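I opened the notebook to look up one residue, then its surroundings, and then the overall form of the chain.

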Amino acid sequence: SNKFKNAAIKQIKALVRNYSEIFNSDSIHSVEEPFSINLSNTIINGRFDLCRKGKKGIEIIDFKTGDEK
């Protein structure tokens, strides 16, 4: 619907405006990087939204969508 499309556009514009330094292509290590962790004999699988090269090493960025609570 138009309501959701407009909300998505608003969120994307705010994200780019507020976090433009994150999107520097020279600092991006990987996007949607899969991971698997064994935690107390339980396998946890997922994906990191963005891995970037920071001043102290690799930084993992997890973008949140939806309404603030």
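I looked up isoleucine 12 and found a relative accessibility of 51%, so isoleucine 12 counts as exposed (over 50% relative accessible area; buried is under 20%, partly exposed in between, with a 1.4 Å probe and protein chains only). This is a predicted model, in which local features need pLDDT of at least 70 and side-chain atom pairs count only at pLDDT 80 or more, while totals for chains, interfaces and linings use all residues. I number residues from 1 along each chain as its sequence is written, and side-chain values use heavy atoms, with hydrogens and water left out.

Isoleucine 12 sits in helix 1, residues 2-18 (helices are DSSP runs of H or I with at least four residues, strands are E runs of at least two, numbered from the N terminus). I noted that Ile12 joins Val16, Tyr19 and Phe23 in a nonpolar surface patch, with about 360 Å² of accessible area together (Shrake-Rupley method, 1.4 Å probe, for residues only the protein chains shown counting as cover). Such a patch takes residues with over 30% relative accessible area and no salt bridge, nonpolar side chains (Val, Leu, Ile, Met, Phe, Trp, Tyr) being joined within 5 Å and like charges within 9 Å; a salt bridge is a side-chain nitrogen of Lys or Arg within 4 Å of a carboxyl oxygen of Asp or Glu.

Turning to the whole protein, I listed one helix and three strands, in the order α-β-β-β from the N terminus. Buried residues are 12% of the 69, and the protein exposes about 6200 Å², of which carbon and sulfur atoms supply 53%. The C-alpha trace spans about 45 × 30 × 20 Å along its principal axes.
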